[in-house]
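Here's a quick tour of the empty spaces and packed parts of a protein. Have a look at the structure first, then work through the points below.

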Amino acid sequence: MDFSELEKDNTGRCRLSSPVPAVCRKESCVLGVDEAGRGPVLGPMVYAICYCPLSRLADLEAMKVADSKTMSESDRDRLFAKMEENGDFVGWALDVLSPNLISTSMLGRVKYNLNALSHDTAAGLIQYALDQGVRVTQVFVDTVGLPETYQERLTDALYPVVSAASICAKVARDQAVKNWQFVEDLQDLDADYGSGYPNDPKTKAWLKKHVEPVFGFPQFVRFSWSTAQTILEKEAADHFISKL
């Protein structure tokens, strides 16, 4: 995956995609949607689609794709490489949503909550595939919130085209986090921030270390998350008291 655009500007959203296999413009295709990084307080959220002709679904399944959450990072990387090798019938696209975009959307004057952002991103990726000429006839979505809001077919994570989308999303998020370009001049940057989830002690310790009482957190942090807000409020209060 080419993250050069994200590395130039990681404050908004970035779309990456494979070439569209010629067969996907000729034959009826099935498309799966999944995400990675919805819950963490650190790093981006990634939504991904994967698609292939219905006639080649068994070939995708033969790659032994599975829900990315059940696999090691090396296994995910290996399977993504395998999907790339089979680009004559497997296509994908993804949106990387920055922590800054997520937080400013949620805290703006007109609230845009995470579920709405997720739904719109998933719908946008499906429309993108259609606009590229992919003959999508079936869509399977690993839903967020109430399934009815998607008005699409649903499936569990065992369905191969959703599992393939899950792998794309997780590989992309892992790479984005690993290669994150901090725009802030951070002293003694600590790369050991744990899982990035709010209840992880390592993550909380990283947040406390890298909060600035006046200016807040680096843009790697989803400052709309309650964990981040609580830490910022405490550090800002302590800073104010120390100045008295």
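**Gaps and cores in a predicted model**

Sixteen is the headline count: 16 residues line the largest pocket, and Ala 36, Gly 37, Lys 170, Arg 173 and Tyr 197 lie nearest its centre. Keep in mind that this is a predicted model, where local features need pLDDT of at least 70 and side-chain atom pairs count only at pLDDT 80 or more, while totals for chains, interfaces and linings use all residues. Residues are numbered from 1 along each chain as its sequence is written, and side-chain values use heavy atoms, with hydrogens and water left out.

**How the gaps are found**

- Rolling a probe the size of a water molecule over the atoms shows where empty space is left.
- On a 1 Å grid over the protein atoms alone, a cavity is a set of points where a 1.4 Å probe fits but cannot get out, and a pocket is an open set with protein on both sides within 12 Å along at least five of seven lines; lining residues have an atom within 4 Å of a point.
- Grid points are joined across faces, edges and corners, and a volume is the space filled by probe spheres set on the points.

**The overall fold**

- The protein chain has eight helices and six strands (DSSP runs numbered from the N terminus, with helices being H or I of at least four residues and strands E of at least two).
- Along the sequence, the pattern goes α-β-β-β-α-α-β-α-α-β-β-α-α-α.
- Of the 244 residues in the protein chain, 46% are buried (under 20% relative accessible area; exposed is over 50%, and partly exposed is in between, with a 1.4 Å probe and protein chains only).
- Among contacts in the protein chain with a separation of 6 or more, 72% join residues 24 or more positions apart (a contact means heavy atoms within 4.5 Å).

**The pockets**

- The largest pocket has a volume of about 220 Å³.
- Helix α6 (160–178) and strand β2 (29–36) each supply at least two residues of that lining, and α6 gives the most, with four residues.
- By class, the largest pocket's lining has five nonpolar, four polar and seven charged residues (Ala, Val, Leu, Ile, Met, Phe, Trp, Tyr, Cys and Pro count as nonpolar, Asp, Glu, Lys and Arg as charged, and the others, Gly among them, as polar).
- The second largest pocket holds about 160 Å³ of space, and its lining includes Glu 184, Lys 209, His 210 and Phe 215.
- That second lining splits into five nonpolar, three polar and three charged residues.

**The cavities**

- How many cavities of 30 Å³ or more are there? The count comes to two.
- The largest cavity has a volume of about 50 Å³, and Phe 3, Leu 6 and Trp 180 are among the residues lining it.
- Its lining divides into four nonpolar, three polar and one charged.
- About 30 Å³ of space lies in the second largest cavity, with a lining that includes Ser 17, Tyr 51, Trp 92 and Gln 132.
- Strand β4 (91–97) and helix α5 (114–131) are the elements that give two or more residues to the second largest cavity's lining.
- Six nonpolar, three polar and no charged residues make up the lining of the second largest cavity.

**The packed middle**

- In the largest nonpolar core, which has 37 residues, Leu 31, Val 33, Leu 42, Ile 49, Val 134, Leu 207 and Val 221 touch the most other members (such a core is a set of buried Ala, Val, Leu, Ile, Met, Phe, Trp, Tyr and Cys residues joined through side-chain atoms within 4.5 Å).
- Helix α5 gives the most to this core, with six residues.
- Leaving aside neighbours within four places in sequence, Leu 31 is in contact with residues including Ile 49, Ile 126, Val 136 and Val 161.
- Apart from this core lies another, of 34 residues, with Cys 14 and Leu 79 among them.

**A buried aspartate and the cysteines**

- Where does Asp 34 sit? Asp 34 is in strand β2, and it is buried, with a relative accessible area of 1%.
- Beyond its neighbours within four places in sequence, Asp 34 is in contact with residues including Tyr 47, Asp 142 and Ser 166.
- The structure holds zero disulfides (pairs of cysteine sulfur atoms within 2.5 Å).
- Cys 29 is in no disulfide, and the nearest cysteine sulfur, that of Cys 24, is 3.9 Å away.
- Cys 29 counts as buried because its relative accessibility is 0%.
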